[in-house]
Amino acid sequence: MDRSPAPFVPPAPTPRTKPPSTLEMMRIVYRNPLELWGEHSYREPWVSVSGIGGALVVANDPGLIRHVLVDNAKNYRMAKVRQLILRPILRDGLLTAEGETWKRSRKAMAPVFTPRHIFGFAHPMLAKTEAFVEKYETTSGPVDIAQDMTMLTYEILAETLFSGEIAGESGNFANEVERLFETMGRVDPLDLLRAPEWLPRLTRLRGRKTLAYFRNIVRDTMNMRIEKLKLAPEEVPQDFLTLLLRAEGPDGLSREEIEDNIITFIGAGHETTARALGWTIYCLAGAPWERDKVEAEIDAVLAHESDPTKWLDAMPLTRAAFEEALRLYPPAPSINREPIEPEFYKDLHIRKGAAVLVMPWIIHRHRKLWDQPDAFIPSRFHPGNREKIDRFQYLPFGAGPRVCIGTAFAMQEAIIALAVLMSRYRFDIIEATKPWPVQKLTTQPEGGLPMAVSKRR
Ligand code: HEM
């Protein structure tokens, strides 16, 4: 008889049984788009509707997703709404670049993300995490794990980007990053109505000054490094900045594109991993029998393997818990595209300019694709089971030519962070731990993740 406890079901909005009014819909989309979706969105292979914002297709069927993201990817551009929100911040960074600029940039940046370079970041990742967790030695009350993970992943990113060589005060930089994404990351109601770009978005005006200030720091930091490359090339650290500057040239990146990509890496690579780590620690605390397995694995590996580049492969249960948290709370909850030309997929008519949403949030909880879709069951990703999951039903990092370039970086960082955190400390749910998933730039836990921390040894 199976004696494992009933699986932990972490919080998520209950799918709607009837559609909201237009006004209510605007309110929900502004506040938390995750609360918008009805029961049928979680059951059907696709949902196709026409509303005030135009035609909308929610793509859930793995075949349709493959069609949009891979097989006919050339017919799809980044959705207008997403570009309206992100392009003013990230400009021609990889996430928001299109056409030839994207193609050239992706090619120029591929060498930066090779395993050799990613492995090279393992030791700085470990050192930063070890220094960061010291604070828990003297912690007595609850800690907000969501906020702590944001700080930790920021520190790791700043180290791997610039090796700490940031112009001006580094504390300033961290604050500016936070302010920037807080003020600029919101969906403005005008974006939803697909209003023209020249109409000012009041929700974003505040962010402009921050953005200008932030860009100045990045530019000064780059100039500092360029000088150093000229004067003392042998002393230059092998971080992202050096690697990107080496990719400069007519077939590679322009100076402005390097700046855009640094900002893109900060935007795409820090809060995403932080969210994933926070939700993983929370889900494991909600399922202590799963946490026991992960702790035992980490303890066993750390007892004989000190090389952090080996941990990802050596810890399949830890990786599975992380992947299951990425399923339930995908940090990028929606991948949005727009067809350039109208087309059919089977009997689905995809109109020109329609918003095509490939939503990891919905696909990962689809009633027909997953057993007990809302429950935290890491064994789905254990070796032997993981191989059975369709490539296009699990998309935390997207798929196709625009798949996340930072996947290997994020996976390595996550396992190192979990190994250090969980080998030394235990995080438990307390009365105040009542997170509610909210879609902003990432899937955030509203209310934070206040948790009790205790020493394991
Ligand atoms: C758990 C962490 C992460 C998640 C869940 C994640 C998720 C994603 C997803 C879903 C996409 C595809 C977007 C689309 O197709 O529209 C993407 C793209 C991208 N990600 Fe990540 N990401 C993570 C970490 C990182 C890191 C650490 C970096 C950089 C250091 C990074 C940099 C990028 C970039 C530059 C793109 C754009 C790629 C392109 O369009 O060619 N990401 N990410």
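**Entry 1: the three-stranded sheet**

I looked up Val143 and found that its bridge partner in β12 is Met451. The model I am reading is a predicted one. Val143 lies in strand β4, which covers residues 143-144. I then followed the pairing of β4 with β12 (residues 450-455), which is antiparallel and runs over two bridges.

I asked myself in what order the strands of this open sheet lie. I noted β4-β12-β9, three strands with antiparallel pairing. The edges are held by β4 and β9 (425-429); each has a single partner strand, so one side of each is left without a neighbour in the sheet.

**Entry 2: the five-stranded sheet**

Next I turned to an open sheet of five strands, and I wrote down its order as β1-β2-β8-β5-β3. Its pairing is mixed. I checked the edges and found β1 (46-51) and β3 (76-78), each of which pairs on one side only. On average, neighbouring strands here are turned by 30 degrees against each other, with direction ignored.

I went through the pairs from the β1 edge. β1 and β2 are antiparallel to each other over six bridges, and they make a hairpin with two residues between the strands. Trp46 stands opposite Ala59, a residue of β2.

I then asked whether β2 and β8 pair in the parallel or antiparallel sense. The sense is parallel, over four bridges. Ala59 appears here again, with Val358 as its bridge partner in β8.

At the other edge I looked at β3 and β5 (residues 335-339), which pair in the antiparallel sense over three bridges. I picked out Met78, whose bridge partner in β5 is Arg337.

**Entry 3: helices on that sheet**

I looked for helices that touch the five-stranded sheet. Helix α2 (residues 62-71) packs on the sheet and touches β1, β2 (54-59), β3, β5 and β8 (355-358). I noted that the direction of α2 makes about 115 degrees with that of β8. Helix α3 (residues 80-90) lies across β3, β5 and β8, and I recorded its angle to β5 as about 120 degrees.

**Entry 4: around the ligand**

I asked how many residues surround the ligand. The number is 22, and the closest are Gly269, Thr272, Gly398, Cys404 and Gly406. I listed the elements that give two or more residues to the shell: α13 (255-269), α14 (271-286) and α19 (407-424). The largest share, four residues, comes from α13. I sorted the shell by residue class and got 14 nonpolar residues, six polar and two charged.

**Entry 5: the nonpolar cores**

I looked up the largest nonpolar core, which has 87 residues. Which of its residues touch the most other members? I found Ile262, Ala325, Ile416 and Ala419. Helix α19 gives this core its largest share, 11 residues. I noted that α19 is also among the elements that give two or more residues to the shell around the ligand.

I followed Ala325 further. Leaving aside neighbours within four places in sequence, I found Ala325 in contact with Ala276, Trp279, Thr280 and Cys283.

I also found a second, separate core of 29 residues, including Ala59, Ala332, Ala355 and Tyr394. Ala59 is the residue I had met opposite Trp46 and as the bridge partner of Val358.

Methods
Residues are numbered from 1 along each chain as its sequence is written. This is a predicted model: local features need pLDDT of at least 70, side-chain atom pairs count only at pLDDT 80 or more; totals for chains, interfaces and linings use all residues. Two strands pair if DSSP finds at least two bridges between them. Axes are lines fitted to C-alpha atoms, for helices over the stretch in contact, and angles run from 0 to 180 degrees between N-to-C directions. Two residues are in contact if their C-beta atoms, placed from the backbone, lie within 7 Å. A residue is near a molecule or strand if its C-beta atom, placed from the backbone, lies within 6 Å of it. Ala, Val, Leu, Ile, Met, Phe, Trp, Tyr, Cys and Pro count as nonpolar, Asp, Glu, Lys and Arg as charged, and the others, Gly among them, as polar. A nonpolar core is a set of buried Ala, Val, Leu, Ile, Met, Phe, Trp, Tyr and Cys residues joined through C-beta atoms within 7 Å. A residue is buried if 20 or more other C-beta atoms lie within 10 Å of its own, exposed if 12 or fewer, and partly exposed in between; C-beta atoms are placed from the backbone.
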